[in-house]
Amino acid sequence: RESLSRRDRSLLTLGMVAVLNREGEVKAHVRGGLNNGLSREEIREILLQVGIYGGIPAAVDSFRIANETFAEIDAEAEGKD
């Protein structure tokens, strides 16, 4: 379907799995979101919205997972140099 771009789908999906507090899915969709054009700052904003509308515990867990994933991606990039 072409109504939503891959980037927009990633944005929505990340917000939904974060509010549901699905750790493995958050990690996968942080990576997917970056691959589909979301920036790290946009991912942080998505997680702030999760905190406001879905609850602080889900947002805190999601921020932790996102930061761990960012660190893994950075380490992988360093290993390629």
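**Exercise 1.** Determine what span helix 2 (residues 23-35) should have at 1.5 Å a residue, and how far apart its end C-alpha atoms are.

*Solution.* Helices are DSSP runs (H or I, at least four residues), numbered from the N terminus. The expected span is 1.5 Å times one less than the number of residues. For the 13 residues of helix 2 this gives 18 Å, and the end C-alpha atoms lie 19 Å apart, which agrees.

The model is predicted: local features need pLDDT of at least 70, side-chain atom pairs count only at pLDDT 80 or more, and totals for chains, interfaces and linings use all residues. Residues are numbered from 1 along each chain as its sequence is written, and side-chain values use heavy atoms, with hydrogens and water left out.

**Exercise 2.** Establish which residues of helix 2 are buried and what they pack against.

*Solution.* Buried means under 20% relative accessible area, exposed over 50% and partly exposed in between (1.4 Å probe, protein chains only). Val26, Val30 and Gly33 are buried in helix 2. Seen down the helix axis, the buried residues fall within an arc of 70° (taken from the directions from the axis to the C-beta atoms), so they line one face of helix 2. That buried set packs against helix 1, helix 3 (40-54) and helix 4. The face turned away carries the exposed residues Gly24 and Asn35.

**Exercise 3.** Describe the surroundings of serine 62 in helix 4.

*Solution.* Serine 62 is buried, its relative accessible area being 0%. Its side chain reaches the backbone oxygen of alanine 58 at 2.9 Å. Leaving aside neighbours within four places in sequence, serine 62 is in contact (heavy atoms within 4.5 Å) with Ala18, Val26 and Leu47.

Conventions
Helices (H or I, at least four residues) and strands (E, at least two) are DSSP runs, numbered from the N terminus. A polar contact is a pair of N or O atoms within 3.5 Å; within protein, one must be able to donate a hydrogen and the other to accept it, and residues adjacent in sequence count only if both atoms are side-chain atoms.
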